[in-house]
Amino acid sequence: MDVPTLAESLSNPTSFQRVFRVVADLLAPQDCFVCGGASGGDAVCPACLAELPRQPELACPVCALPTPGGAVCGHCLNAPPAFDATRALFSYAFPVDRMVQALKYHHRLALARFFADGLQRMPASGGVDLLLPMPLHVQRLRRRGFNQAVEIARPLARAWGLPLELAAVRRERDVPAQAGLARAARIANLRGAFRCERPLAGLHVLVVDDVMTTGASLNELARTLKRQGAARVENLVLARTP
Ligand SMILES: [Zn+2]
Ligand SMILES: [Zn+2]
């Protein structure tokens with residue numbers, strides 16, 4: 001899959017507005033994204049950073065939904081998903097939801113660096129062989145100009161010295177909004193959404209995504225990776241819908 005790097009996005013002469021915004025974002029002294037106050041060059045000032053809705057520590061280790069005592073939730077016990085574990089940095093609540101939307105739809109790429117920094121400070125998952133950002137469908141990628149999951153995963157891969165896998169998985173179908181669908185319909189809707197031809201025998205894959213809502217896409221991706229022989233699939237997400 002063609003995933004444009006930031007440099008490639010910048011060199012695309014048809015996207016002047018995007019280029020302008022990205023350059024302005026990189027050059028301008030940053031104001032805090034949340035309160036608009038001085039932030040000393042960071043995306044968020046220290047006071048707002050302390051207030052961001054962190055993911056609760058006690059959560060299902062499989063799907064990251066908060067549970068009493070951090071036990072595996074009933075849903076994961078009854079119908080275990082294809083992935084083995086999920087960790088999240090934030091709850092998908094204000095103002096993290098606005099920050100993710102600003103990154104995705106308004107090209108606020110400074111936020112990708114901010115999010116990657118936060119993920120990097122979480123305890124590392126041991127034994128990971130490669131990082132795999134949730135792929136975007138090629139048409140959506142073309143419209144947006146970049147894949148936010150790639151922009152978050154790239155600095156992580158660099159910091160952890162792990163390979164970043166950008167070509168192994170293709171998103172075959174662009175599945176429209178899943179929100180209105182019942183769980184069974186969402187799962188059916190996603191069958192065959194990903195295609196992977198790379199053998200992954202025995203590998204431990206860390207999937208990086210921005211937001212986990214129902215987990216249906218992550219589940220289908222993990223199913224695809226396991227079919228290719230992946231031994232373990234873990235999700236590392238920026239924000240989990242509570
Ligand atoms: Zn602030
Ligand atoms: Zn669970």
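Two aromatic rings of Phe, Tyr or Trp count as a pair if their centres lie within 6.5 Å. With that in hand, open the model, which is a predicted one, and start with the rings: the structure holds two aromatic pairs.

**Stop 1: the aromatic rings.** Select phenylalanine 90 and phenylalanine 115. They make an edge-to-face pair, 6.3 Å centre to centre with 65 degrees between the planes. Colour by secondary structure and you'll find phenylalanine 90 in strand S1 and phenylalanine 115 in helix H6, so the pair ties together parts that are 25 residues apart in sequence. Switch on a surface: phenylalanine 90 is buried at 2% relative accessible area, and phenylalanine 115 is buried too, at 0%. Now add Phe114, which joins Phe90 and Phe115 in one aromatic cluster.

**Stop 2: helix H5.** Next, pick residues 96-106. The buried residues of this helix are Val96, Asp97, Met99, Val100, Ala102, Leu103 and Lys104. What do the buried residues of H5 pack against? Show strands S1, S5 and S6 along with helices H6, H7 and H8, and you have the partners. Then step just past the helix to histidine 107, where phi is positive, near 55 degrees.

**Stop 3: the zinc site.** Finally, jump to ligand 1, the zinc ion. Its protein donors are the SG atoms of Cys32, Cys35, Cys45 and Cys48, lying 2.3 Å from the metal. Check the angles among the four donor atoms: they run from 103 to 115 degrees, and the site is tetrahedral. Along the sequence, the donor residues follow the spacing C-x2-C-x9-C-x2-C. Cysteine 32 sits in the loop between helix H2 and helix H3, while cysteine 48 is in helix H3, 16 residues apart. Both cysteine 32 and cysteine 48 are buried.

Note on methods
Residues are numbered from 1 along each chain as its sequence is written. Chains are lettered from A and ligands numbered from 1 in the order in which they are written. This is a predicted model: local features need pLDDT of at least 70, side-chain atom pairs count only at pLDDT 80 or more; totals for chains, interfaces and linings use all residues. Side-chain values use heavy atoms; hydrogens and water are left out. Donors are N, O and S atoms within 2.8 Å of the metal (3.2 Å for Na, K and Ca); water is not among the atoms, so sites may look incomplete. Four donors count as tetrahedral if all angles lie between 85 and 135 degrees; four count as square planar and six as octahedral if opposite donors are over 155 degrees apart and all others between 65 and 115; anything else is irregular. Helices (H or I, at least four residues) and strands (E, at least two) are DSSP runs, numbered from the N terminus. Buried means under 20% relative accessible area, exposed over 50%, partly exposed in between (1.4 Å probe, protein chains only). Contact means heavy atoms within 4.5 Å. Rings of Phe, Tyr and Trp (its six-membered ring) pair if their centres lie within 6.5 Å; planes under 30 degrees apart count as stacked, over 60 as edge-to-face and the rest as tilted.
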